[in-house]
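Q: Could you take me through one part of this protein slowly, as if I were new to reading structures? I'd like to see how that part sits among its neighbours.

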Amino acid sequence: KDCKIGNILIQSNLQTGEAELHFKKLPPGIDESHVILMDATIATGAAAMMAIRVLLDHDVPAKNILLVALIAAETGVQSVAYAFPNVKIIAAAVDPDINDRFHILPGVGNFGDRFFGTDPQ
């Protein structure tokens, strides 16, 4: 059976730090699938929780969701695990804190900015 791919675009508002859903396109039958939800970084967990909520709203069982991140802050992992105890979380590294700009410390700065070569003002 082929691997189905969907997209959920959630970005943090630069002024408020709040997660905002900008785009979603999910494959048909996602409610019967196991979903690997990938996020480069989990800082506060807000974007991950919004993405999980989108999947749950499309009838994906929480036990079928695997959240995978390159790096995460302890607080973000704790927030997601508390809100969605049946979602499994895998992170390559977990760092201890986030700063006032919601960057993981020591972390890698803003992963999106580094990946795309952008610099928000």
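**A close look at helix α1**

A: Let's start with the residues of α1 that are tucked away: A48, A51, I52, V54, L55 and L56 are its buried ones. Keep in mind that this is a predicted model.

Look at the numbering of that list for a moment. An α-helix has 3.6 residues a turn, so residues three or four places apart point the same way. With that in mind, try tracing A48, A51 and L55, which are among the buried residues of α1.

And what do the buried residues of α1 pack against? Their partners are the strands β1 (7-12), β2 (19-25), β3 (35-42) and β4 (65-73), plus the helix α2 (74-83).

Now for a quick check with a ruler. Helix α1 covers residues 46-57, which makes 12 residues, and at 1.5 Å a residue they should span 16 Å. The C-alpha atoms at its two ends are 16 Å apart, so the expected span and the model agree. Just after α1 comes D59, and its phi is positive, near 65 degrees.

Next, the sheet beside the helix. Strands β3, β4 and β5 form an open sheet in the order β3-β4-β5, with parallel pairing. The edges belong to β3 and β5, and each has a single partner strand, so one side of each has no neighbour in the sheet. From one strand to the next, the twist averages 10 degrees. If you're wondering what holds such strands side by side, strands of a sheet pair through backbone hydrogen bonds, either parallel or antiparallel.

How does α1 sit on this sheet? It lies across β3 and β4, and runs at about 165 degrees to β3. Helix α2 lies across β3, β4 and β5, running at about 160 degrees to β4.

Let's follow the chain a bit further, since β4 and α2 are both among the packing partners of α1. Strand β4 is joined to β5 (residues 88-95) by seven bridges, and the two run parallel. As one place to look, L66 stands opposite K88 in β5. To get from β4 to β5, the chain passes through α2, and this β-α-β crossover is right-handed.

So, back to where we began: the buried residues of α1 pack against β1, β2, β3, β4 and α2, while α1 itself lies across β3 and β4.

Key: Residues numbered from 1 in each chain as written. Predicted model: local features only at pLDDT ≥ 70, side-chain atom pairs only at ≥ 80, totals over all residues. Heavy atoms only, no water. Helix = DSSP H or I, 4+ residues; strand = E, 2+ residues; numbered from the N terminus. Expected span 1.5 Å × (residues − 1). Buried < 20%, exposed > 50% of the residue type's maximum accessible area, 1.4 Å probe, protein only. Contact = heavy atoms within 4.5 Å. Pairing = 2+ DSSP bridges. Right-handed = clockwise from strand over helix to strand, strands pointing away. Axes fitted to C-alpha atoms, helices over the stretch in contact; angles between N-to-C directions.
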